[in-house]
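Trainee: Before I use any of the labels attached to this structure, I would like to hear the reasoning behind them.
Mentor: Then let us look at the structure and take the labels in turn.

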Amino acid sequence: MAKTRTLYSCSACGAQSPQWAGQCSDCGGWNTLSEVAVLSKTVSSRFSGYSGDAPVPVQRLSAVKTDQQLRTSVGMQELDRVLGGGLVTGSVVLIGGDPGIGKSTLLLQVLSALSGGLDSLYVTGEESLQQISLRAHRLGINGDDIRLFSETSVERIIATADKERPQVMVLDSIQTLYTEALQSAPGSVAQVRESAAQLVRFAKQSGIAMFLVGHVTKEGQLAGPRVLEHMVDTVLYFEGDPGDRYRILRAIKNRFGAVNELGVFAMTEHGLKEVSNPSAIFLSRHEQAVPGSVVMVTWEGTRPMLVEVQALVDQNQLGNPRRVTLGLEQNRLSMLLAVLHRHGGLTLGDQDVFVNVVGGVRVTETAADLAVLLAVTSSYRNRPLPADLIVFGEVGLSGELRPVPNGQQRISEAAKHGFHKAIIPVANKPKTATKGLEVTAVNRLSQVLEKVSEGF
Ligand code: TYD
Ligand code: MG
């Protein structure tokens, strides 16, 4: 085994010490020291692909040869889209998500779809080979072309991969792997970071495309830290409610494509099925209009999607009014409620406010502002808004309505799904009328509230 030293590094100030201690001697932080590996020179230079004696020459940017980035379709359009148009040779993709959301299922299906074109190797540290075989049965995959390997030592995985030379590799999951260079337990921050670093170096050197599976902690972060996010080329999150049918794959970072691109899948008894036209699947169809529910058009990556925002405003009983959001940013809700108070005259200081985006979707764009405020107002007044109303728009601190990108496409999408009324910012008003959709363009929040209380 190569020579390595271990050091203890403070996660707060970065100070290093040869021994572990409960308190960092530099910054005084408690429990901040964690083990890190320091590879000896020969090892690190072997992994990074150059020897210390022959320095790499400096080149002009224009003279750099671009070996065309080879992209291969993974055989699932929704995943191709999220990857930015296919899998790039030698790239490392991290797939994060709650346990049971379908990461292993997705990757097994990907390998099966790829097996016609690319050689693959599935490394499992989590499940037995029998369990994977059972899953493959359930998915109707025959598996002649998929090679399986049950191993958790990174050194042995790399040695085997070097011999087998697959083109695509799945490592399920990064938290179960360990490197012999470190003494700490698998799953610890130091292990996850060092194991991933070795695998990334190997991927770059060998041109093998890798999928790393990462578990997510209760706080919603990839366990074993965000440090993984900057090491890999692409970070995808699998979102959705495990009890629900639909799953969303979202690109958080992508060196080879756009971020915030979405892929939508449905979990069925035969595995994940792609949903190629997902724009309206997240609407819960009420038989009649209900208070506190508003439909908005959100823009995800390169396409519009209709989602329902629900609010519940209720008399607070405990003295400390709660502001709870699911699928939206909490601070933004507090800000919007302040705007509603100052510019809409609605006092909610003694009310609990809960806001939810239906279907486990997360909306990160400010275009949701108007929908949130209308849902809150509708719930507070206990008056439903028309069921065929669609809204979008950003609300500013002075109560003005600001435009959002892609207004025209959002309106067309709403019209396509049978909505007849729209409230949008003036600057988003389309130049030509949309058939079947009556567009109300407004400047200020107060005008919207007037319009709504007039009942259209
Ligand atoms: P899994 O891929 O094991 O999740 P992860 O690797 O992210 O932990 O998915 C497991 C869940 O998916 C489990 O709750 C059962 C469900 N499932 C189906 O509904 N249909 C299927 O065909 C398969 C294989 C799994
Ligand atoms: Mg799994």
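**Reading the labels**

Mentor: In this predicted model, confidence is lowest in helix α1 (residues 41-47), at a mean of 49, and highest in strand β20 (residues 394-395), at a mean of 96. For the protein the mean pLDDT is 86, and 91% of its residues reach 70 or more.

Trainee: What is the pLDDT over residues 48-52, and how many contacts does this stretch have beyond near neighbours in sequence?

Mentor: The pLDDT there is below 50, and the stretch has six such contacts in the model.

Trainee: How is the protein laid out overall, in domains, helices and strands?

Mentor: The domain assignment gives domain 1 (2-41), domain 2 (71-276) and domain 3 (283-454), while the secondary structure comprises eleven helices and 23 strands. The C-alpha centres of domain 1 and domain 3 lie 49 Å apart, and the C-alpha trace spans about 75 × 55 × 50 Å along its principal axes. Of the 456 residues, 51% count as buried, and among contacts between residues at least 6 apart in sequence, 65% join residues at least 24 apart.

Trainee: Why is R444 called partly exposed?

Mentor: Its relative accessibility is 33%, and because buried requires a value under 20% and exposed a value over 50%, R444 falls in between and is therefore partly exposed. R444 lies in the loop between β23 (438-442) and α11 (445-453), where, leaving aside residues up to four places away in sequence, it touches H343, S398, G399, E400 and L401. The C-alpha atoms of R444 and L333, which are 111 residues apart along the chain, are separated by 18 Å.

Trainee: R165 and N382 each have a positive phi although neither is a glycine; what makes one partly exposed and the other exposed?

Mentor: R165, with a phi of about 50 degrees, has a relative accessible area of 42%, so R165 is partly exposed, since the value must be over 50% to count as exposed. N382, with a phi of about 55 degrees, has a relative accessible area of 58%, which is over that cut-off, so N382 is exposed. As for their places, R165 is in the loop between α5 (154-164) and β9, and N382 is in the loop between α9 and β19 (389-391).

Trainee: How do you know that the peptide bond from D172 to S173 is cis?

Mentor: The evidence is its omega, which is near 0 degrees. S173 lies in the loop between β9 (168-172) and α6.

Trainee: What is the span of helix α6, set against the expected value?

Mentor: Helix α6 (residues 189-206) has 18 residues and reaches 26 Å from its first C-alpha to its last, close to the 26 Å expected at 1.5 Å a residue. The helix is also mostly covered, with 13 of its 18 residues buried, and it is followed by G207, whose phi is positive, near 75 degrees.

Trainee: How many aromatic pairs does the structure hold, and why is the pair of F238 and F265 called edge-to-face?

Mentor: The structure holds one aromatic pair. The ring centres of F238 and F265 are 6.3 Å apart and their planes make an angle of 70 degrees; because a pair needs centres within 6.5 Å and the edge-to-face class needs an angle over 60 degrees, both conditions are met. The pair links distant parts of the chain, with F238 in strand β11 (residues 234-239) and F265 in strand β13 (residues 262-268), 27 residues apart. Both F238 and F265 are buried.

Trainee: Which residues touch the most other members of the largest nonpolar core?

Mentor: In that core of 61 residues they are V355, L370, L374 and V376. Helix α9 (residues 369-381) gives the most to this core, with seven residues, and the core draws at least three residues from each of domain 2 and domain 3. Apart from it lies another core, of 33 residues, among them L79, V82, L107 and L118.

Trainee: Which residues does V355 touch, not counting those up to four places away in sequence?

Mentor: V355 touches V309, Q310, A311, V324, T325, L326, L328, L333, V372 and V376.

Technical notes: Residues are numbered from 1 along each chain as its sequence is written. Chains are lettered from A and ligands numbered from 1 in the order in which they are written. This is a predicted model: local features need pLDDT of at least 70, side-chain atom pairs count only at pLDDT 80 or more; totals for chains, interfaces and linings use all residues. Side-chain values use heavy atoms; hydrogens and water are left out. A nonpolar core is a set of buried Ala, Val, Leu, Ile, Met, Phe, Trp, Tyr and Cys residues joined through side-chain atoms within 4.5 Å. Buried means under 20% relative accessible area, exposed over 50%, partly exposed in between (1.4 Å probe, protein chains only). Helices (H or I, at least four residues) and strands (E, at least two) are DSSP runs, numbered from the N terminus. Domain bounds come from an automatic or database domain assignment. Contact means heavy atoms within 4.5 Å. pLDDT is the predictor's confidence in each residue, from 0 to 100. The expected span of a helix is 1.5 Å times one less than its number of residues. Rings of Phe, Tyr and Trp (its six-membered ring) pair if their centres lie within 6.5 Å; planes under 30 degrees apart count as stacked, over 60 as edge-to-face and the rest as tilted.
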